[in-house]
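Trainee: Before we discuss this model, may I ask how its descriptive terms are justified? I should like each one set against its definition.

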Amino acid sequence: MGKINVLDTQVANLIAAGEVVERPASAVKELLENAIDAGAGKITLEIKNGGISLIRVTDDGCGMTKDDALVCVKRHATSKISCAADLDGIATLGFRGEALAAISSVSKMRIMTRTKNSPTGIIIEFNAGKPVSVEEAGCPEGTSVIVEELFANVPARRKFLKRDAAETAAVAAVAEKIALSRPDISLRFIADGNLRFLTAGDGKLADVIYAVLGRDFAKKLAPVHDMTEGVSVSGFIGTPENCRGNRNYENFFINGRYVRCKTACAALEQAFSSYIPSDKYPACVICLEINPAFVDVNVHPQKMEVKFSNERPVFNAVYCAVRNTLMNRIDRPRLADSEPTRLSGDSYRLYNDIISVKTDTDEEAARIADERERLSAKYEQITVRAEAKEPMPHYEPPADVPKMSADIPETFQAVSGQPQVLPDITVPQINDHQPPVGTLPDADISRENVPDIFPAPVTQPESEPEPPAVPWYRIAGVIFNTYVFVELEDRMLIIDKHAAHERIIFEKLRQNMKSGDPASQLLLLPVELTLTPEELAAAEEYRDELYRIGYTFSCADDGKTALIIAYPSALDTAQAKDMFTVLAAQLADGTGDVGTSRERTYEKALYQASCKAAVKGGREDLPENIRWIAEQVLTRSEIRYCPHGRPVAFEMTKSQFEKRFERI
Ligand SMILES: Nc1ncnc2c1ncn2[C@@H]1O[C@H](COP(=O)(O)OP(=O)(O)O)[C@@H](O)[C@H]1O
Ligand SMILES: [Mg+2]
């Protein structure tokens, strides 16, 4: 064994620097955090060549005295804590006293600073951590830290830096997060002489999002706001249309600090599951405020990770806030808002000609008029019949919709190659005091409904809320046997009947699960289903969950036959069999996936199963079934996206129509 050397401070600093400043972006993060801790209202960040040649951070904060400025680059020099007890409730971004020591040891650094009461400021130049000159200077109040030739004395580190553009992008990402974390501070970011963004510092998070993440992103947001178990949640989530291919847009801030927080991400993604496709990630800018005593930020030198003394309240708070917004605050997607293209005189004439070629023969016009009359007479009878009946309590889709059965009115059939045109079906207004669409009573997500990724106390089932009143509506028609056109007082909806029904079934099954008392029907003779041994084993593993949606089954001795004794009452036997097969297959696929929680696997299997049981696009359905689906969409705010994340309905307002047709 050789002799043990105690390394000198210079080498020790170089080693420590590697942990704090990996690349220019990490230096930028530390310098911006120092400016914030100094109480700055305005900060300017400038970089050149991705921050490798230059980083300059200028603030109008408290500044430093000469003595402090000389000492600030020493390791463990900090004004933010003074004893071990202070670590239990850190209220500043910095506290380790390492950043300036680390950065100055691997670069040429200059600090220009002046405190409020001092007539002059000072400029100190450091080289590899050592002060090389100290000068008095007239400088503005606040501090400017200039870092040049980063890693020039650490060639090993320099080699690992990426191209300038990649380093600039990493710095930009840091600057964005810092800007988002403090809407009350105005941050200007300049890269290679170009202004990248400037935030107003007016305290409005929405304005910062607009300035930093752009107009397109800012247009597709919904606010979140909640306070659960002492954790306050505020900010915005991207609407389901605004989902992404990775987690880069999942921004969480805890007590003003940008962090990577697995618990919060899990809660966000869980809340979004069944609102976006399973291979997509939600976007958000969410700020959490928690008593600092419950958060440990001293986990990693870069302070990007945190530990909570109890994770559950954090998970619950994020989950409830996000889910509430998804259920109550998300508008339906709109059809493109873009301005209509005005037709030139020539094309207008051409257009007119085409239209007249199609309809301008007397014979054709008469035939269409006749057809319309015949259909309206027929439809009137059908509507009267349908209205006389009680509204359907539950939609029980037929096992297989018979092709053109006597029950299906011809109004839903294509008419000799023409698109299906339904005559007016006026539905009497049910209630004059109905809320307008979009202000449905709040269905509140309570903590009890949070999926159980953490053990929770057993909770009481909730009573079913009163169904909200149906607003005035009229089914204008169904096209391609899939899309239902619904007229409302001031807008039109186009509903994808399959997607809508899928969501309705999914919510029903989920409701069954939550109620603890599944609505199921018992069979006289068990139904046999042959599965693979893996599928049967997966079904067995999820027996409790399957019971909670209404399935009771036993396994035959052959190891591959399930004997279904009871199934969910919303289904018929064929659908119940189909659904069980899909569930078992999905569960077999999903189980064993490391990193996918049991709940997630089960929920995914439920989507597939709901899809299987829903009415199919392209097939006829009874008008009352179509109306039932439409009413569910109109009255239930959770029916917005199908469980795979496809939209259930698009809407277009009357004024958008009027704009398109140049009436207004
Ligand atoms: N922009 C600034 N304005 C005023 N004081 C600063 C600034 N940057 C650094 N300081 C002082 O230098 C000290 C050391 O900074 P740093 O090495 O980042 O450690 P920490 O932020 O963890 O305390 C800080 O505690 C603070 O007192
Ligand atoms: Mg610091």
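Trainee: What makes helix 13 a helix that lies across strand 17 and strand 18?

Mentor: In this predicted model, where local features need pLDDT of at least 70, side-chain atom pairs count only at pLDDT 80 or more, and totals for chains, interfaces and linings use all residues, helix 13 comprises residues 497–515. Helices (H or I, at least four residues) and strands (E, at least two) are DSSP runs, numbered from the N terminus. Helix 13 lies across strand 17 and strand 18, at about 75° to strand 18. Axes are lines fitted to C-alpha atoms, for helices over the stretch in contact (heavy atoms within 4.5 Å), and angles run from 0 to 180 degrees between N-to-C directions.

Trainee: Which helix packs on the sheet and touches strand 16?

Mentor: Helix 18 (residues 623–635) does, and it also touches strand 17, strand 18 and strand 22. Its direction makes about 120° with that of strand 16.

Trainee: How do you know that strand 17 and strand 18 pair?

Mentor: Two strands pair if DSSP finds at least two bridges between them. Strand 17 (residues 483–488) and strand 18 (residues 491–496) have five bridges, in the antiparallel sense, so the criterion of at least two is met. Val-486, for instance, stands opposite Leu-493 in strand 18.

Trainee: Why are strand 16 and strand 22 said to stand at the edges?

Mentor: The open sheet has four strands in the order 16-17-18-22, with antiparallel pairing. Strand 16 (473–479) and strand 22 (649–653) each have a single partner strand, so one side of each lacks a neighbour in the sheet. From one strand to the next, the twist averages 20°.

Trainee: What makes the pairing of strand 7 with strand 8 a hairpin?

Mentor: Two residues stand between strand 7 and strand 8, which pair in the antiparallel sense over four bridges. Ala-191 stands opposite Asn-194 in strand 8, and Asp-192 in the turn has a positive phi of about 50°.

Trainee: How many residues surround ligand 1, and which are the closest?

Mentor: There are 18, and the closest are Asn-34, Thr-78, Ser-79, Lys-80 and Gly-97; a residue counts if one of its heavy atoms lies within 4 Å. Residues are numbered from 1 along each chain as its sequence is written, chains are lettered from A and ligands numbered from 1 in the order in which they are written, and side-chain values use heavy atoms, with hydrogens and water left out.

Trainee: What makes the approach of Asn-34 to ligand 1 a polar contact?

Mentor: A polar contact with a ligand is a pair of N or O atoms within 3.5 Å. An oxygen atom of ligand 1 is 2.8 Å from an N or O atom in the side chain of Asn-34, so the pair qualifies. A nitrogen atom of ligand 1 is likewise 2.9 Å from an N or O atom in the side chain of Asp-59.

Notes: A polar contact is a pair of N or O atoms within 3.5 Å; within protein, one must be able to donate a hydrogen and the other to accept it, and residues adjacent in sequence count only if both atoms are side-chain atoms.
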